[in-house]
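Trainee: Please choose a single part of this model and take me through it closely, step by step. I would like to see how its pieces fit together, and what lies around them.

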Amino acid sequence: MTRPTASSKLSSVLHQRVLTRRQFLQSVLVLLGGCATARGPAGTEPTSVAATATPPPTVLPQLAHFSGDFAFHHAMAQMQYVPRHTGTEGWRKCGDYILSQFATQGWVAEEQPFVYQQTDCRNLIGKRGEGPLLVIGAHYDSRRRADRDPDPAQRTEPVPAANDGASGVAVLLELARVLRPEDLQRTIWLVAFDAEDNGGLDGWDWIAGSRHFVSTLTQTPQGMVLVDMIGDADQQIYYEGNSHQQMREQIWQVAADLEYPAFLPELRHTMIDDHIPFVQEGIPRLT
Ligand SMILES: [Zn+2]
């Protein structure tokens, strides 16, 4: 996840007080997810990870830039909680960690409780800024059983969800440290969606949290960017078939200008993910 070249360029962008639309796109480039497969095999990630990454500072440094090391720390912090599928103790503690990080970095931290399948759920939202609303999202729940694991012995085990879960939220939490919505003249909501990843298990569907979130919106976001599976060791970020064509072309072009090799401007995947409820509302969105 660490790309020093990208970070130094991003730093120079963030040094400017007022960011243009193009500069804003540069600032979000580091968080775009490249979904590896459309609902690929689950349960293939390591079951334990040492939380040895550098923790981020608790006070906003001036002129901060996105740190892959800090994002990695946030991923490792979530990995303390396995399992963390909706309703478990790990899920509750992980959610509390996310909310505390939003608040620590100067965002208004809110939880949005709802009930799905007789289970208490909650989306977690960090709000900041004024102006047109932009939503940047990721899901923080995990899959309760690795039912598609190649090894049959693993198929009743919970998915650790380092990449498919923790990595996207890790990017949100590092963004909470570095993004300045007031400089962008936008309202930004960082949303950790619940109940995304248990489709097909025990009567659950996919993306229940984002469906609930969109159903409660009282203002229409200008755009939505979703990050998921952004922590691959060999990350490749392709166009996604349900994403907004113009938005993805703009962002991939900025990536090309910045010489980010992971961004590949060709369609590879079409996903059911938390951007779909936004698609159905006609909101520009990108995965
Ligand atoms: Zn996912």
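Mentor: Two residues are in contact if their C-beta atoms, placed from the backbone, lie within 7 Å. By that criterion, residues 24 or more positions apart account for 78% of the contacts in the protein with a separation of 6 or more. What you see is a predicted model, in which local features need pLDDT of at least 70 and side-chain atom pairs count only at pLDDT 80 or more, while totals for chains, interfaces and linings use all residues. Residues are numbered from 1 along each chain as its sequence is written.

The protein has nine helices and eight strands, both being DSSP runs numbered from the N terminus (H or I of at least four residues for a helix, E of at least two for a strand). Of its 287 residues, 47% are buried, a word used here for 20 or more other C-beta atoms within 10 Å of a residue's own, with 12 or fewer called exposed and anything in between partly exposed.

The part I would look at closely is the open sheet of six strands, whose order is β1-β2-β4-β3-β5-β8, with mixed pairing; strands pair if DSSP finds at least two bridges between them. The edges of this sheet are β1 and β8 (285-286), each of which pairs on one side only.

Start with β3 (133-139), which can be followed in both directions. Towards β4, seven bridges join the two strands, and they run parallel; one position to find on the model is L134, whose bridge partner in β4 is I188. Towards β5 (residues 223-226), β3 is joined by four bridges, again with the strands running parallel. There V135 has M224 of β5 as its bridge partner. If you then continue from M224, you reach R285, its bridge partner in β8, where two bridges join β5 to β8 and the pair runs parallel.

R285 also gives you a way to place a helix relative to this edge strand. The C-alpha atom of R285 is separated by 10.0 Å from that of Q246, although the two are 39 residues apart along the chain. Q246 belongs to helix α8 (residues 245-257), and this residue is exposed, with 9 other C-beta atoms within 10 Å.

Going back to the other edge, β1 (108-116) and β2 (119-129) are linked by a loop that contains Q118. The phi of Q118 is near 60 degrees, a positive value in a residue other than glycine, and Q118 counts as exposed, having 7 C-beta neighbours inside 10 Å. It is useful to set I207 beside it, since I207 too is a residue other than glycine with a positive phi, near 50 degrees. I207 lies in the loop between β4 and α7 and, with 21 C-beta neighbours inside 10 Å, counts as buried.

That loop leads to helix α7 (residues 208-215), which is mostly covered, six of its eight residues being buried. The buried residues are A208, G209, S210, H212, F213 and V214, and they pack against β1, β2, β3 and β4 (187-193), as well as against α9 (276-280).

Another helix belongs in the same picture: α4 (residues 89-104) lies across β1, β2 and β4 and runs at about 10 degrees to β2, where axes are lines fitted to C-alpha atoms (for helices, over the stretch in contact) and angles run from 0 to 180 degrees between N-to-C directions. α4 in turn packs with α5 at an angle of about 20 degrees, their axes 8 Å apart, which makes the two helices roughly parallel (under 35 degrees; over 145 is roughly antiparallel, 65 to 115 roughly perpendicular, and the rest oblique). The residues that make this contact are I98, Q101 and F102 of α4 with V169, L173 and A176 of α5.

α5 (residues 162-178) also comes within 8 Å of α3 (residues 68-78), axis to axis, with a crossing of roughly 130 degrees, and these two are therefore oblique to each other. On the α3 side the contact is made by F70, A71, F72, H74, A75 and Q78, which meet residues of α5 including V169 and L173. Finally, the loop between α3 and α4 holds P83, which is joined to V82 by a cis peptide bond with omega about 0 degrees.
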